[in-house]
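Please find my notes on the model below, set out as numbered points. They are meant for someone who has not looked at it before.

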Amino acid sequence: SKCHPGPCPLCVELVSKTCAGGHTVMKAQVCFKPPPSCGRPCGRIRRCKNHRCDRSCHVGQCSEAKQITRGPLPRRTLTAFSRLLLPPDSKKKKKVK
């Protein structure tokens with residue numbers, strides 16, 4: 001039996017909870033909210049069994065590793081050293097008419 005009509009409100013007591021990845025206990029967390037993220041790298045082994053998850057602490061399964069795409073880097077990400085490795089014709093500045 002209920003002590004009042006209608007649904008019970010969500011529990012807002014402050015409690016200690018283990019973070020989503022199980023790294024640490026976090027104090028002063030609202031009871032009804034899902035497990036918090038501690039912000040550390042997840043570190044769990046991915047399904048491939050070869051790599052660790054590099055996402056920050058999270059709930060649920062780890063995503064698959066991002067595939068590396070090949071191709072030229074955008075100009076803004078090239079360092080001075082990597083520009084030395086470019087073919088000579090790509091170093092020339094195009095004249096604007």
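1. Arg52 lies in the loop between strand 2 and helix 1. The model is a predicted one, and in it Arg52 counts as exposed because its relative accessibility is 54%, where the cut-off for exposed is over 50%. Leaving aside neighbours within four places in sequence, Arg52 is in contact with Gly43, Arg44, Ile45 and Arg46. A polar atom of the Arg52 side chain lies 2.6 Å from the backbone oxygen of Gly43. The C-alpha atoms of Arg52 and Cys42 are 7.9 Å apart, with their positions 10 residues apart along the chain counted as separation.

2. Arg46, one of the residues in contact with Arg52, also takes part in a salt bridge. Its side chain meets that of Asp54, with an N to O distance of 3.0 Å. A search of the whole structure finds 1 salt bridge. Are the two partners buried or exposed? Arg46 is buried, with a relative accessible area of 7%, whereas Asp54 is exposed, at 61%.

3. Lys49 is found in the loop between strand 2 and helix 1. What is the sign of its phi? The phi of Lys49 is positive, about 70°, although Lys49 is not a glycine. This deserves a remark because most residues other than glycine have a negative phi. Lys49 counts as exposed, since its relative accessibility is 65%.

4. The overall layout can be put briefly. The protein chain has 2 helices and 2 strands, and from the N terminus on the elements run β-β-α-α. Of its 97 residues, 12% count as buried. Among contacts with a separation of 6 or more, 8% are between residues 24 or more positions apart. The accessible surface of the chain comes to about 8,800 Å², and carbon and sulfur atoms account for 59% of that surface.

5. How do strand 1 and strand 2 run relative to each other, parallel or antiparallel? Strand 1, residues 14-18, and strand 2 run antiparallel and are joined by 4 bridges. Together the two strands form a hairpin with 6 residues between them. Gly22 sits in the turn and has a positive phi of about 75°. Across the pair, Leu14 stands opposite Val30 of strand 2.

6. Ala28 is found in strand 2. Its phi is near 55°, a positive value in a residue other than glycine. Ala28 is exposed, as its relative accessible area is 53%.

7. Gln29 also lies in strand 2. Which residues does Gln29 touch, not counting those up to four places away in sequence? They are Glu13, Leu14, Val15, Lys17 and Pro36. A polar atom of the Gln29 side chain lies 3.2 Å from the backbone oxygen of Lys27.

8. Val12 has its place in the segment before strand 1. Val12 counts as exposed because its relative accessibility is 59%. Not counting residues up to four places away in sequence, Val12 touches Val30 and Phe32. The C-alpha atoms of Val12 and Val30 are separated by 5.3 Å, and these two residues are 18 residues apart along the chain. Val30 is also the residue of strand 2 that stands opposite Leu14.

9. Phe32, which Val12 touches, is found in the loop between strand 2 (25-30) and helix 1 (80-84). Is Phe32 buried or exposed? Phe32 is partly exposed, with a relative accessible area of 38%. Which residues form a nonpolar patch on the surface? Leu10, Val12 and Phe32 do, with about 310 Å² of accessible area together. Phe32 can belong to this patch because its relative accessible area is 38% and patch residues need over 30%.

10. For a reader who wants a place to begin, two spots bring several of these points together. One is the loop between strand 2 and helix 1, where Arg52 lies and where Lys49 is also found. The other is the hairpin of strand 1 and strand 2, with Ala28 and Gln29 in strand 2.

How values were computed
Residues are numbered from 1 along each chain as its sequence is written. This is a predicted model: local features need pLDDT of at least 70, side-chain atom pairs count only at pLDDT 80 or more; totals for chains, interfaces and linings use all residues. Side-chain values use heavy atoms; hydrogens and water are left out. Buried means under 20% relative accessible area, exposed over 50%, partly exposed in between (1.4 Å probe, protein chains only). Contact means heavy atoms within 4.5 Å. Accessible areas come from the Shrake-Rupley method with a 1.4 Å probe; for residues, only the protein chains shown count as cover. Patches are made of residues with over 30% relative accessible area and no salt bridge: like charges are joined within 9 Å, nonpolar side chains (Val, Leu, Ile, Met, Phe, Trp, Tyr) within 5 Å. A salt bridge is a side-chain nitrogen of Lys or Arg within 4 Å of a carboxyl oxygen of Asp or Glu. Two strands pair if DSSP finds at least two bridges between them. A polar contact is a pair of N or O atoms within 3.5 Å; within protein, one must be able to donate a hydrogen and the other to accept it, and residues adjacent in sequence count only if both atoms are side-chain atoms.
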